[in-house]
Amino acid sequence: MQKLIAAVEDLLEQADFHYQALSGGDISSVYVIQTGHRSYLLKTNIQAKAKAILEAEQKGLTILAQSKTISIPKFYHLGQVGQLAFLL
């Protein structure tokens, strides 16, 4: 988890944030990250095809956002730290 936190700090260019795990989901873990200015959703997955799974989800979220039918969080970054893939 330390390497993931360091990667998120680099991406957000901010070391001062709080995160909290959200409940639900069987495949991935989800956290809300609070900075002084914004909130982010961080989804992590460590399965063998984790990055492909999150990449497909990111593409689906982009398509839904383009439809402008429901509010979709803005995609920020898809990355991987060791075996752990993440979507921010």
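Me: Where does Lys68 sit in this model?

Reply: This is a predicted model, and in it Lys68 belongs to the loop between H2 and E4. As for its surroundings, Lys68 is exposed, because its relative accessible area is 72% and the cut-off for exposed is over 50%.

Me: What is the phi of Lys68, and how do I read it?

Reply: Start with the general idea: most residues other than glycine have a negative phi. Lys68 is not a glycine, yet its phi is positive, about 55°. Glu13 is another non-glycine with a positive phi, also given as about 55°.

Me: Where is Glu13 found, and is it buried or exposed?

Reply: Look in the loop between helix H1 (2–12) and E1 for Glu13. With 74% relative accessibility, Glu13 counts as exposed.

Me: Next, aromatic rings. How many aromatic pairs does the structure hold?

Reply: It holds two aromatic pairs. In general, you describe a pair of aromatic rings by how far apart the centres are and by the angle of the planes. Take Tyr19 and Tyr31: their ring centres are 6.1 Å apart and their planes stand at 80°, so this pair is edge-to-face. The angle decides that, because planes over 60 degrees apart count as edge-to-face.

Me: Which parts of the chain does the pair of Tyr19 and Tyr31 link?

Reply: Distant ones: Tyr19 is in strand E1 (residues 18–22) and Tyr31 in strand E2 (residues 29–34), twelve residues apart. Tyr19 counts as partly exposed at 40% relative accessibility, while Tyr31, at 16%, counts as buried.

Me: And what are the distance and angle for Tyr40 and Tyr76?

Reply: Their centres are 5.7 Å apart with 65° between the planes, and the aromatic pair is edge-to-face. Tyr40 lies in strand E3, whereas Tyr76 is in the loop between H2 and strand E4 (78–81), so the pair ties together parts 36 residues apart in sequence. Tyr40 counts as buried at 14% relative accessibility, and Tyr76 counts as partly exposed at 36%.

Me: How do I read empty space, and what is the volume of the largest pocket?

Reply: The idea is to roll a probe the size of a water molecule over the atoms, which shows where empty space is left. Here the largest pocket has a volume of about 420 Å³. It is lined by 17 residues, and the closest to its centre are Pro73, Lys74, Phe75, Tyr76 and Leu88. You've already met Tyr76, as the ring partner of Tyr40.

Me: Which strand and helix each supply at least two residues of that lining, and what classes of residue does the lining have?

Reply: Strand E3 (39–45) and helix H2 (50–67) each supply at least two. By class, the lining has eleven nonpolar residues, two polar and four charged.

Me: Let's try a polar contact. Which side chain does Ser28 join?

Reply: That of Asn45, through a polar contact of 3.0 Å between the two side chains. Ser28 is in the loop between E1 and E2, and at 11% relative accessibility Ser28 counts as buried. Setting aside neighbours within four places in sequence, Ser28 is in contact with Lys43, Thr44, Asn45 and Leu54.

Me: One last residue: where is Gly82, and how far is its C-alpha from that of Gly36?

Reply: Gly82 is in the loop between E4 and strand E5 (84–87). Its C-alpha atom and that of Gly36 are separated by 28 Å, and the two residues are 46 apart along the chain. Gly82 is exposed, at a relative accessible area of 64%.

Notes: Residues numbered from 1 in each chain as written. Predicted model: local features only at pLDDT ≥ 70, side-chain atom pairs only at ≥ 80, totals over all residues. Heavy atoms only, no water. 1 Å grid on protein atoms, 1.4 Å probe; cavity = no way out; pocket = protein on both sides within 12 Å on 5 of 7 lines; lining within 4 Å. Points joined across faces, edges and corners; volume = space filled by probe spheres on them. Helix = DSSP H or I, 4+ residues; strand = E, 2+ residues; numbered from the N terminus. Nonpolar A, V, L, I, M, F, W, Y, C, P; charged D, E, K, R; others polar. Phe/Tyr/Trp six-rings, centres within 6.5 Å; stacked < 30°, edge-to-face > 60°. Buried < 20%, exposed > 50% of the residue type's maximum accessible area, 1.4 Å probe, protein only. Polar contact = N/O pair within 3.5 Å; in protein donor to acceptor, adjacent residues only side chain to side chain. Contact = heavy atoms within 4.5 Å.
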